[in-house]
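Student: Could you take me through the ligand site in some detail? I would like to know what surrounds the ligand and which polar contacts are made there.

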Amino acid sequence: MNIIFLGPPGAGKGTQAQRICEALNIPQISTGDMLRRAKKEGTPTGLRAKEYMDAGKLVPDEVIIDIVKERLAMDDLKGGYILDGFPRTVPQAEALDTFAVIDTVIELDVPDEALVRRISGRRACPQCGATYHVSMLGGRETCEKCGETLIQRADDQPKTVLNRLRVYHSETAPLVSYYEAKGLLHRVNGEGDMDAIFAEIMKALQA
Ligand code: ADP
Ligand code: ADP
Ligand code: ZN
């Protein structure tokens, strides 16, 4: 099953995609993680993406579309995958339709006030991509999965967060009706207990 996770920054896409991927034994394709890796390694793409990411803007469509197209051509995806963070614009969704068949779209719905709280307290593992919230770390500073020291992402600063939410509402939110029109959209309430949200998503995937 080829799945898209749609939702604003901080909605819990990464958190839930990681769990669902483990449960279904399929890869998680996070464009944010891929771009952060490229940035860290200083590849030409990473260098180009940096200025956009640090400002809370979207990387240009042609850059990210090429990256995803290349990734989806790899042969570990026969059993399906979750796209986490792609597509984020209508042109990206239209491009995706030319090289992939999407079976279902999960939209995680969370109001803006909660998103600001979540993103400002997010801690991320630069090694495996796991995310945590300071409120659940109890002072711990390392990743539960791989032991790496957790960081606060450069774009999780309050100033950038508001910009990212604005960009979501103008550029990405139109994808909700795009996939609704195709009959692929499942809306899941992204607020509340993480286990309950996981169960809701699993139910939607079986529908
Ligand atoms: P979040 O998980 O908070 O929604 P991501 O980790 O998905 O954020 O993305 C971080 C940044 O990487 C984005 O703000 C944007 O600059 C860039 N990015 C990730 N995916 C895309 C995409 N599909 N199109 C354009 N830019 C992207
Ligand atoms: P996204 O990938 O959509 O940007 P993340 O999965 O990184 O979102 O989650 C953003 C922040 O919110 C993280 O700090 C994460 O621990 C926290 N979070 C995720 N799900 C929930 C939830 N159901 N309730 C409260 N906080 C959550
Ligand atoms: Zn880790």
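Tutor: Let us begin with a cut-off: a polar contact here is a pair of N or O atoms within 3.5 Å. Please keep in mind that this is a predicted model.

With that cut-off in hand, look at Thr31, where a polar side-chain atom sits 2.8 Å from a nitrogen atom of ligand 1. Two other side chains face oxygen atoms of the ligand. For Arg36, the distance from a polar side-chain atom to an oxygen atom of ligand 1 is 2.9 Å, and for Lys13 the corresponding distance to an oxygen atom is 3.2 Å. On its own, ligand 1 would expose 560 Å², and the protein buries 96% of that area.

Now step back to the shell as a whole. There are 19 residues around ligand 1, and those that come nearest are Thr31, Lys57, Gly85, Arg122 and Arg164. Sorted by character, the shell holds 8 charged residues, 7 nonpolar ones and 4 polar ones. If you ask which element gives the most to this shell, it is helix H2, spanning residues 31-41, with 4 residues.

One last check, on the cysteines, may be handy when you set up your own calculations. Searching the whole structure turns up 0 disulfides. Cys143 has a relative accessible area of 4%, so it counts as buried. Cys146, in turn, reaches 37% and is therefore partly exposed.

How values were computed: Residues are numbered from 1 along each chain as its sequence is written. Chains are lettered from A and ligands numbered from 1 in the order in which they are written. This is a predicted model: local features need pLDDT of at least 70, side-chain atom pairs count only at pLDDT 80 or more; totals for chains, interfaces and linings use all residues. Side-chain values use heavy atoms; hydrogens and water are left out. A residue is near a molecule or strand if one of its heavy atoms lies within 4 Å of it. A polar contact is a pair of N or O atoms within 3.5 Å; within protein, one must be able to donate a hydrogen and the other to accept it, and residues adjacent in sequence count only if both atoms are side-chain atoms. Accessible areas come from the Shrake-Rupley method with a 1.4 Å probe; for residues, only the protein chains shown count as cover. Helices (H or I, at least four residues) and strands (E, at least two) are DSSP runs, numbered from the N terminus. Ala, Val, Leu, Ile, Met, Phe, Trp, Tyr, Cys and Pro count as nonpolar, Asp, Glu, Lys and Arg as charged, and the others, Gly among them, as polar. A disulfide is a pair of cysteine sulfur atoms within 2.5 Å. Buried means under 20% relative accessible area, exposed over 50%, partly exposed in between (1.4 Å probe, protein chains only).
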